[in-house]
Amino acid sequence: MAYVSRRTLAIAMAAVASGFAAPALAQANYPNRPITMIIPFAAGGPTDTVGRLIAQAMGADLGQPVVVENVGGAGGTLGAQRVANARPDGYTILLHHIGMATIPTLYRRLAYDPVNGFEPLGLVTEVPMTLIARRNIEANTLADLVALIRQRGEALNYANAGIGAASHLCGLLLMKAVDTRMTTVPYRGTGPAMNDLVGGTVDLMCDQTTNTTEQIRAGTVRAFAVTTPERIGALPDLPTSAQGGLPGFEVSVWHGLYAPRGTPAPIVERLNQALLKALQDPGIAQRFADLGTAPVPVARATPAIHREFWMADIAKWRPLIQAAGQFAD
Ligand code: MLT
């Protein structure tokens, strides 16, 4: 029999007697090693950009690195699955976006529970989207582009990050607004899709300003509209979709942070505190502003408000997705 010291034995007996002393000890020491933040899309894209900024600031507050790992593919479901099925100990967290509200309706079968598999930790940002095309596209205005889509239909390639991505949702809304289908080309994220758009091997994409603002300013892609009710400060010359002639074509992409379901409340609270710190970091606010977004006001970044907002968004998108009739099996 292995040697066990009296002290170890006493601690173990106390833990058994209290029923939860060992987990409580782990929570008191939390975090005592690096935390992994899963980004469910490829590196270099908009979710990655937001995640890396937040991860660095959260790590500084938590006293442990928050290490970003990109688990792209299947419209963000592979990364989400990894977190839903991880140990609920606070060492694996997820930064995801509006896909958390569309995936429960879009996917008939998943290897995780897309609603009950997570503890919301707080909202992070709300990001406008922009409709962009290869820079030599045969259209100068949104009206020209709509005419081109109607004329060429499936001969045009629309890049997205798979079923469940924000770029997928935006594409669904665009195709509904112009009443014409295009050929969709799925990527593991809009970071790599952007490379192909800039290279001219795909025709169109709808993507978050956190990935498109710098390309639009540099003229490497052509921009047609921002999908918000008002123009945005980062791209003041870009008309809204309504101003360009497509009034119903509107969507913004919210991001939130999650832990696996069952993560102890003190750890959820600690992660939320670190998130609130990150959201108040002036450097992050400035970088977000440069990219056409802003941190969520801290009063809205609580786990309770996040849950309420997420559930309302699932209910909002369900009928629209069902009407579009595009599901993943
Ligand atoms: C990404 O980070 O690649 C995007 O958020 C993908 C998308 O949802 O369109």
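**Close-up 1. Arginine 52 and aspartate 48 in helix H3 of the predicted model.** Arginine 52 is partly exposed, with a relative accessible area of 39%, whereas its partner aspartate 48 is buried, at a relative accessible area of 6%. The two side chains form a salt bridge in which the closest N and O atoms are 2.8 Å apart. Both residues belong to helix H3 and are separated by four residues, about one turn of the helix.

**Close-up 2. The salt bridge between aspartate 61 and arginine 270.** In this pair the closest N and O atoms are 3.1 Å apart. Aspartate 61 lies in helix H3 and arginine 270 in helix H11 (residues 265–279), so that the contact links distant parts of the chain, 209 residues apart. Each partner is classed as partly exposed, aspartate 61 with a relative accessible area of 23% and arginine 270 at 21% relative accessibility.

**Close-up 3. The salt bridge between arginine 261 and glutamate 119.** The side chains meet at 3.7 Å, N to O. Because arginine 261 lies in the loop between strand E9 (252–260) and H11, while glutamate 119 lies in strand E4 (residues 118–134), the pair ties together parts that are 142 residues apart in sequence. Arginine 261 counts as partly exposed at 40% relative accessibility, but glutamate 119 is buried, with a relative accessible area of 16%.

**Close-up 4. A network of salt bridges.** Arg134, Glu138, Arg152 and Asp203 are the linked residues in this view. For the model as a whole, the count of salt bridges comes to 12.

**Close-up 5. Polar contacts of the ligand with protein side chains.** An oxygen atom of the ligand is 2.6 Å from an N or O atom in the side chain of histidine 97, and a ligand oxygen is likewise found 2.6 Å from a side-chain N or O atom of serine 167. For glutamine 208, the distance between an oxygen atom of the ligand and a side-chain N or O atom is 3.0 Å. Taken alone, the ligand exposes 270 Å², and the protein buries 100% of that area.

**Close-up 6. The shell of residues around the ligand.** The ligand is surrounded by Phe41, Pro46, Thr47, His97, Ala161, Ala165, Ala166, Ser167, Gly189, Thr190 and Gln208. By class, this shell contains five nonpolar and six polar residues but no charged ones. Helix H3 (46–62) and helix H7 (166–178) each supply at least two of its residues. The ligand lies between domain 1 (32–126 + 253–324) and domain 2 (128–226), because both domains give residues to the shell.

How values were computed: Residues are numbered from 1 along each chain as its sequence is written. This is a predicted model: local features need pLDDT of at least 70, side-chain atom pairs count only at pLDDT 80 or more; totals for chains, interfaces and linings use all residues. Side-chain values use heavy atoms; hydrogens and water are left out. A residue is near a molecule or strand if one of its heavy atoms lies within 4 Å of it. A polar contact is a pair of N or O atoms within 3.5 Å; within protein, one must be able to donate a hydrogen and the other to accept it, and residues adjacent in sequence count only if both atoms are side-chain atoms. Accessible areas come from the Shrake-Rupley method with a 1.4 Å probe; for residues, only the protein chains shown count as cover. Ala, Val, Leu, Ile, Met, Phe, Trp, Tyr, Cys and Pro count as nonpolar, Asp, Glu, Lys and Arg as charged, and the others, Gly among them, as polar. Domain bounds come from an automatic or database domain assignment. A salt bridge is a side-chain nitrogen of Lys or Arg within 4 Å of a carboxyl oxygen of Asp or Glu. Buried means under 20% relative accessible area, exposed over 50%, partly exposed in between (1.4 Å probe, protein chains only).
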